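Biologist: Before we begin, could we take the words used for a structure one at a time, and ask of each what earns it?

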2 protein chains.
Amino acid sequence: MDDGMIASEALSRLMLDMGQRARAAARVLALADTETKNKALIAMAEAVEAAVPAILAANAADLNEAKARDMAASFIDRLTLTEARIAAIPEGLRAVAALPDPVGSVIASWERPNGLRIDRVRTPLGVIGVIYESRPNVTADAGALCLKAGNAVILRGGSDSAASSGAIHEALQKGLASADLPEDAIQLVPTRDRAAVGEMLKGLAGAIDVIVPRGGRSLVARVQEEARVPVFAHLEGLCHVYIDAAADLDMAVSVTVNAKMRRTGICGAAETLLIDRAVLGTHLVPILSALEDKGCEIRGDETICAIYSAAKPATEEDWRTEYLDAIISVKAVDGVDGAVEHIERYSSHHTEAIITDDAAAAEKFLSSIDSAILLHNASTQFADGGEFGMGGEIGIATGKMHARGPVGVEQLTSFNYRVHGSGQVRP
Amino acid sequence: MDDGMIASEALSRLMLDMGQRARAAARVLALADTETKNKALIAMAEAVEAAVPAILAANAADLNEAKARDMAASFIDRLTLTEARIAAIPEGLRAVAALPDPVGSVIASWERPNGLRIDRVRTPLGVIGVIYESRPNVTADAGALCLKAGNAVILRGGSDSAASSGAIHEALQKGLASADLPEDAIQLVPTRDRAAVGEMLKGLAGAIDVIVPRGGRSLVARVQEEARVPVFAHLEGLCHVYIDAAADLDMAVSVTVNAKMRRTGICGAAETLLIDRAVLGTHLVPILSALEDKGCEIRGDETICAIYSAAKPATEEDWRTEYLDAIISVKAVDGVDGAVEHIERYSSHHTEAIITDDAAAAEKFLSSIDSAILLHNASTQFADGGEFGMGGEIGIATGKMHARGPVGVEQLTSFNYRVHGSGQVRP
């Protein structure tokens, strides 16, 4: 572990070398069978369990440094590992081992009139670059998901968690070694120099196939702006709940409260409530009262403020704001069309929900909005790979290419065509 | 149609405006039903048929200019439209109308233990930018495929074919209008200024979702180098045929001759022949003689030249060269492992074939090589969307993200998740 800065040319060489080693490891991983990958994942889980004291000690060192630099309490909390938090790591590794292996599965197969059989088969993507902030357990989560999909990974964790991530990474490498897989399959950038991130974003001379940023808006924005390779990410989750004229009132209340207040800091939390003018008289007050009872601040348009006096006036800026906090913006709209219009204008195209008993209204909402996840009669907080049954996710993507929505093991694969003939030539 | 250059600021404004109009059209197209899109395609076919004299006249103007500038014969040939070549355009448009509509189809559907039903549904990608050289009929091919997948398209044809492409484009717009679809769904960049390409590669302020370059190596290289948006393309097709020890001799001869000589100028043409040392004595001479009989030049490694005296010595450069001509490089290798090693080192990851009666050898070859298309006992010249049964292609991609291999209508789509619940909230 390097504690400080290194010369930029040396850094560039170091990173390019990591890229080449990852590429070589990826070729081995692509051919590794499911049993071998699972053996490595289980061995990693055991190695983490054996390393709890070492990981706690490394984390204590990180925490001392962070406290000496007067970091915010929320930052310290994210950085802190406890025995319980460390126990979640082997649990996650074993869960990934239990997932089906996507590599080699035949996605589609058809036969041509000339007898050629065309199979579309899942293959690994190659080398994934993961750039994250000071949440040390991402080291294991991301490493495990990439490995299961047959990819090599280059991890660049937050510099404040370098010691903690390093201790976890050491356990992962033990797991790889005990399954005879190359240790270069999961590499951790060994310098705190932020220029390492810039090198990764340039793709390490073609060695990196895709970058996954895990962290706050500023990290994701930098990655999306600078990356010369594809990125799986969402900049923000400005999610909407629309209460249709045909919404069941109890459901409207419970789903809205859950979508906003279950956890306010996650990307699937609702930020704006849209309500059909037709049910302002019956539905608005019960929903807003329930939100207020949970401690939520209400910011409404003129119509909302006129009906619900506790609401503060919303500004144009409110419709564009991902609060990630106990605040909601509320607007009256004219039916599904009004809701779609507002959402297409302001949404970050992450997740939106409609509450209605009218199947046609739901169908219109779901087919008219260009967001990654659309829900009918369910909370936006279900926007999560685990909740989708993907067994874990490396993030949620709002791009429209390749991966969209939760990015699980399957989304970390590519495919190729394998064509079986009996001597066919093209006329 | 603008004949020359326009000021760079005006060009930038023009292109951004095209992007905004394409984005608006894309929203309408995304909701257009299959019948409406097909109606437009059929009407386009009829409009092209009615415009044959106008298209021929426009093409004559392009040809006059090209001849005045002493362009090469192959260039003039690509640019030339005849009544027969124009007749292929409505035929292609009707074929695209007959294809299944991918938009709205449910790719996957599953239910969660809490009763949520998750559908993964195909959606259009949005706005496609197509940059092509002086083959005017790409105007219709690309426009039709993008429309069928519900995408708006911005076409930028070669400046030498501006009049021809313009005449075809006019017919496409008549077709759109007669189905009440926005004419901005298929836009043609109305300037010959090459800076327009640069603007498209920057993505038109987020308006372009993906760029498809159609043309020679230098065009594709520029696009891949400069594009700030995803690109579907292949830089070259350096395709290999490997003759395994267990190859049937007759099949080895006929497939190799077809793979190399059916058409030498297409990306699926074989450029390198690899042959297992074990069958040098039996297979080499018949295969190379058959190639020579068809007028193919042979460039071999030392072993090959020692056995087949008509072969010229191959240099290191030969293994890296896509001849697109009646030349083949030939190398003796040690079995499948030797073939895989050579291909992973030199291939452009487009298409490779193995000829063998040994199923295990074929399986090893197909699963070990990271190329878009792998064939067992069939010619590499099948690397084509039409031959794959996709009903047409906008190109072939060697990237590993989103689309790989032939890019047909289905590959021009994205997807989203539509989740159906009954009031579920997340615990």
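**Words and their reasons**

Modeller: Helix α6 of chain A, residues 138-148, is largely enclosed by the rest of the structure, because ten of its eleven residues are buried. I should add at once that this is a predicted model.

Biologist: Which residues of α6(A) are the buried ones?

Modeller: They are A:V138, A:T139, A:A140, A:A142, A:G143, A:A144, A:L145, A:C146, A:L147 and A:K148. Just after α6(A) comes A:G150, whose phi is positive, at about 80°.

Biologist: Why is B:H402 called buried?

Modeller: The word applies to a residue with under 20% relative accessible area, and B:H402 has 13%, so B:H402 counts as buried. This histidine sits in the loop of chain B that runs between β14 (395-397) and β15 (405-407).

Biologist: What is B:H402 in contact with, leaving aside its neighbours within four places in sequence?

Modeller: A contact needs heavy atoms within 4.5 Å, and by that rule B:H402 touches A:K400, A:M401, A:H402 and A:F415 in chain A, together with B:L125, B:F232, B:Q411, B:T413 and B:S414 in chain B. B:G158, for its part, lies 244 residues from B:H402 in sequence and 27 Å from it in space, taken from C-alpha to C-alpha.

Biologist: How do you know that the size of chain A agrees with that of a compact globule?

Modeller: For 427 residues such a globule would have a radius of gyration near 22 Å, and chain A has 24 Å, which agrees. Along the principal axes, the C-alpha atoms of chain A fill a box of roughly 75 × 65 × 40 Å, and 59% of the residues of chain A count as buried. Among its contacts between residues at least 6 apart in sequence, 72% join residues at least 24 apart.

Biologist: What makes the pairing of α10(A) and α11(A) describable in numbers?

Modeller: Two packed helices are described by the angle between their axes and the distance between the axes. The axes of α10(A), residues 249-261, and α11(A), residues 280-293, come within 9 Å and cross at roughly 35°, and the crossing is right-handed.

Biologist: Which residues of the two helices meet there?

Modeller: From α10(A) they are A:L249, A:A252, A:V253, A:T256, A:V257, A:K260 and A:M261, while α11(A) brings A:T282, A:H283, A:P286, A:I287, A:A290 and A:L291. By class, this contact has nine nonpolar, three polar and one charged residues.

Terms used:
Residues numbered from 1 in each chain as written. Chains lettered and ligands numbered in written order. Predicted model: local features only at pLDDT ≥ 70, side-chain atom pairs only at ≥ 80, totals over all residues. Heavy atoms only, no water. Axes fitted to C-alpha atoms, helices over the stretch in contact; angles between N-to-C directions. Helix = DSSP H or I, 4+ residues; strand = E, 2+ residues; numbered from the N terminus. Left-handed = near helix turned anticlockwise from the far one by under 90°. Nonpolar A, V, L, I, M, F, W, Y, C, P; charged D, E, K, R; others polar. Rg over C-alpha atoms; globule rule 2.2 N^0.38 Å. Buried < 20%, exposed > 50% of the residue type's maximum accessible area, 1.4 Å probe, protein only.
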